[in-house]
Amino acid sequence: MFEKRDGEQLLADDPAAMPADGSIVFIGRIRSPWTTRETCPKNMRTARETGEGATIEIDESYRRGLEGLANASHVIVLTWLHHAPRNLIVQNPRHATDAKGVFALRSPARPNPVGLHIARLLSLDIETGTLTLDAIDVLDGTPVIDLKPYIPTVDLIADAVFASSKDAK
């Protein structure tokens, strides 16, 4: 699913084969229209531009944890990007001119393939554990590891920047 490009570097040991430092449980799954990497939007901006929504199905034992979440207009969704390789430490994205370390990228290929998505919460049904979102940029069936409310007074950083490589020189 991921081809190796010039300038990319692999870790000596694949994190997927290493003993776990902790354990993560999946609390549910994403239901999205995206079934292949080629058709899946690369980020939330492009996902929103498609006009395609998505849902999250929370497992029954975790549904009580949804109480109060309807007060949020947006939700932070943490996912486990289970199709991504975990041993790529330097990547050469198609859109970039130079290779970059994985921690300077939003690529799913990383030692711990945790995805972070901020989506508009359109509806919430606690009884069925269904959250309806405006968009998502992951494949159908992607495991969900956590949900958090987006709180503008806490999460918004008005002066945040990310300079492109050419600006940072």
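Helices and strands here are DSSP runs, numbered from the N terminus, with at least four residues for a helix and at least two for a strand. The model is a predicted one.

**Figure 1. The whole chain, with its 3 helices and 9 strands.** Going along the sequence, the elements come in the pattern β-β-α-β-β-β-β-β-β-β-α-α. The C-alpha atoms fill a box of roughly 50 × 40 × 30 Å along the principal axes. How does the radius of gyration sit with that of a compact globule? For 169 residues the globule rule gives a value near 15 Å, and the chain has 17 Å, so the two agree. As for contacts between residues at least 6 apart in sequence, 79% of them join residues at least 24 apart.

**Figure 2. The surface of the chain and its charges.** About 10,600 Å² is exposed, with carbon and sulfur atoms supplying 53% of that area. Buried residues account for 37% of the 169 in the chain. There are 19 positive and 23 negative side chains, and the centres of these two sets are 5 Å apart.

**Figure 3. The largest nonpolar core, a set of 23 residues.** Ile56, Leu69, Leu131 and Leu147 touch the most other members. Two or more core residues come from each of α1 (44-50), β3 (54-58), β4 (74-80), β7 (114-125), β8 (130-133) and β9 (143-149). Which element gives the largest share? That's β3, with 3 residues. As a general backdrop, nonpolar side chains in soluble globular proteins tend to be buried together.

**Figure 4. Isoleucine 56 and the residues around it.** Setting aside neighbours within four places in sequence, isoleucine 56 is in contact with Arg29, Ile30, Val77, Gly129, Thr130, Leu131, Leu133, Val144 and Leu147. Two of these partners, Leu131 and Leu147, are listed with Ile56 among the core residues that touch the most other members.

**Figure 5. Alanine 135, in the loop between β8 and β9.** Is this loop residue buried or exposed? Alanine 135 counts as buried because its relative accessibility is 0%, and the cut-off for buried is under 20%. Beyond its neighbours within four places in sequence, alanine 135 is in contact with Met44, Ala47, Arg48, Glu52, Gly53 and Ala119. Glutamate 52 is 83 residues away in sequence, yet the C-alpha atoms of the pair are 6.0 Å apart.

**Figure 6. Valine 25, in the loop between β1 (9-10) and β2 (28-31).** Valine 25 has 47% relative accessibility, so it counts as partly exposed. Outside its neighbours within four places in sequence, valine 25 is in contact with Tyr62, Val144 and Ile145. Serine 73 is 48 residues from valine 25 along the chain, with 26 Å between their C-alpha atoms.

Key:
Residues numbered from 1 in each chain as written. Predicted model: local features only at pLDDT ≥ 70, side-chain atom pairs only at ≥ 80, totals over all residues. Heavy atoms only, no water. Buried < 20%, exposed > 50% of the residue type's maximum accessible area, 1.4 Å probe, protein only. Contact = heavy atoms within 4.5 Å. Core = buried A, V, L, I, M, F, W, Y, C linked by side-chain atoms within 4.5 Å. Rg over C-alpha atoms; globule rule 2.2 N^0.38 Å. Areas by Shrake-Rupley, 256 points an atom, 1.4 Å probe, with all protein chains shown as cover. Lys, Arg positive; Asp, Glu negative; His and termini not counted. Charge placed at Lys NZ, Arg CZ, Asp CG, Glu CD.
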